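Work through the following exercises with the sequence and the model at hand, and try each task before reading its solution.

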Amino acid sequence: MLRGIYPGSFDPVTLGHVDIIKRASRIVDELIVGVLNNNAKMPLFSVEERVKMLKEVTKDIPNIKILPFEGLLIECAHQVDAKLVIRGLRAIPDFEYELQMSQTNHKLEPDIETIFLTTSLEYSYLSSSTVREVAAFGGDISQFVPKAVAIELMKKMESKGEY
Ligand code: PNS
C-alpha cells in the first residue's frame with residue numbers, strides 16, 4: 001500500500017491544487033492532503049476553514065484524507081506512514097524552492113521521496129496569493145477556485161471589510 005502526502009498552505013485551495021490532488025490520487029493508494037497550521041504565515045483562512053474547504057472540494061475522491069499538521073512535514077509524513085511527498089511544479093521559481101525543500105527533507109528522512117507533478121497548462125499561472133489579491137479588490141475569482149471556495153472567499157473579504 002503506497003501512501004502519499006501532498007502538503008501545502010491551501011490558503012485557499014485553488015483549481016490548480018485540485019488538479020494536482022486528482023492526479024496524485026491516481027498514483028498512490030491513499031493520498032493525505034497535509035494542511036500546514038502555521039500562524040506565523042498569517043493565513044487568511046484558519047486551518048479549520050482550509051480543511052473544511054478542502055474536504056468539500058475533494059468529497060468525490062475516495063482515497064483521500066485531509067489532515068492539518070504543524071511542525072516538520074517529514075514528521076507528519078512519518079506519523080501517517082507516507083513514503084512519498086507530492087508537490088506541484090509551475091515554473092522555474094518554484095523549482096529552486098522545491099529543490100531546496102525536497103533535498104532538505106531527504107537529508108532529514110532518506111526513506112521518504114519527493115515527486116513533482118507539473119501543473120496543467122491552464123493553471124500554470126495560478127497561486128493562492130494571486131487569488132487572495134484579486135478577491136481583496138473585488139475581482140472575479142470564479143475561474144481560479146472551486147465554487148464553494150469562491151463563496152467562502154467573498155464572505156471572508158466582506159467580513160474583513162475589503163470591499
Ligand atoms: O503551499 P505552500 O505554502 O507552498 O506549502 C509549503 C509547505 C507547507 C509544503 C512547507 O512550508 C512545509 O513543508 N512546511 C513545514 C515545515 C517543514 O517541514 N520545513 C522543512 C522543509 S525545508
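**Exercise 1.** Determine how much space lies in the largest pocket of this predicted model, and establish which helix gives the most to its lining.

*Solution.* Begin with the volume: the space in the largest pocket comes to about 1000 Å³. Next, turn to the lining, which consists of 39 residues, with Gly8, Ser9, Lys41, Arg87 and Tyr97 lying nearest the centre of the pocket. Then assign the lining to elements: at least two residues each are supplied by strand S1 (3-8), H1, helix H3 (73-79), strand S4 (84-89), helix H4 (92-108) and H5, and the helix that gives the most is H4, with seven residues. Finally, sort the lining by class, which yields 17 nonpolar, 14 polar and eight charged residues.

**Exercise 2.** Describe the second largest pocket by its volume, its lining residues and their classes.

*Solution.* The volume is about 170 Å³. The lining is formed by Phe45, Glu49, Lys52, Met53, Glu56, Ala148, Val149 and Glu152; of these, helix H2 (47-57) and H6 each supply at least two, and H2 has the largest share, with four residues. Sorting by class gives four nonpolar and four charged residues, with no polar ones.

**Exercise 3.** Find the buried residues of helix H5 (residues 128-136) and explain why they lie on the same side of H5.

*Solution.* Taking buried to mean under 20% relative accessible area, one finds Ser128, Val131, Ala135 and Ala136. Because they cover an arc of only 135 degrees around the axis, they are placed on the same side of H5. The next step is to identify their packing partners, which are helix H1 (15-25) and helix H6 (147-159). Just after H5, Gly138 adopts a positive phi of about 75 degrees.

Notes:
Residues are numbered from 1 along each chain as its sequence is written. This is a predicted model: local features need pLDDT of at least 70, side-chain atom pairs count only at pLDDT 80 or more; totals for chains, interfaces and linings use all residues. Side-chain values use heavy atoms; hydrogens and water are left out. Buried means under 20% relative accessible area, exposed over 50%, partly exposed in between (1.4 Å probe, protein chains only). The arc is that of the directions from the helix axis to the C-beta atoms. Contact means heavy atoms within 4.5 Å. On a 1 Å grid over the protein atoms alone, a cavity is a set of points where a 1.4 Å probe fits but cannot get out, and a pocket is an open set with protein on both sides within 12 Å along at least five of seven lines; lining residues have an atom within 4 Å of a point. Grid points are joined across faces, edges and corners, and a volume is the space filled by probe spheres set on the points. Ala, Val, Leu, Ile, Met, Phe, Trp, Tyr, Cys and Pro count as nonpolar, Asp, Glu, Lys and Arg as charged, and the others, Gly among them, as polar.
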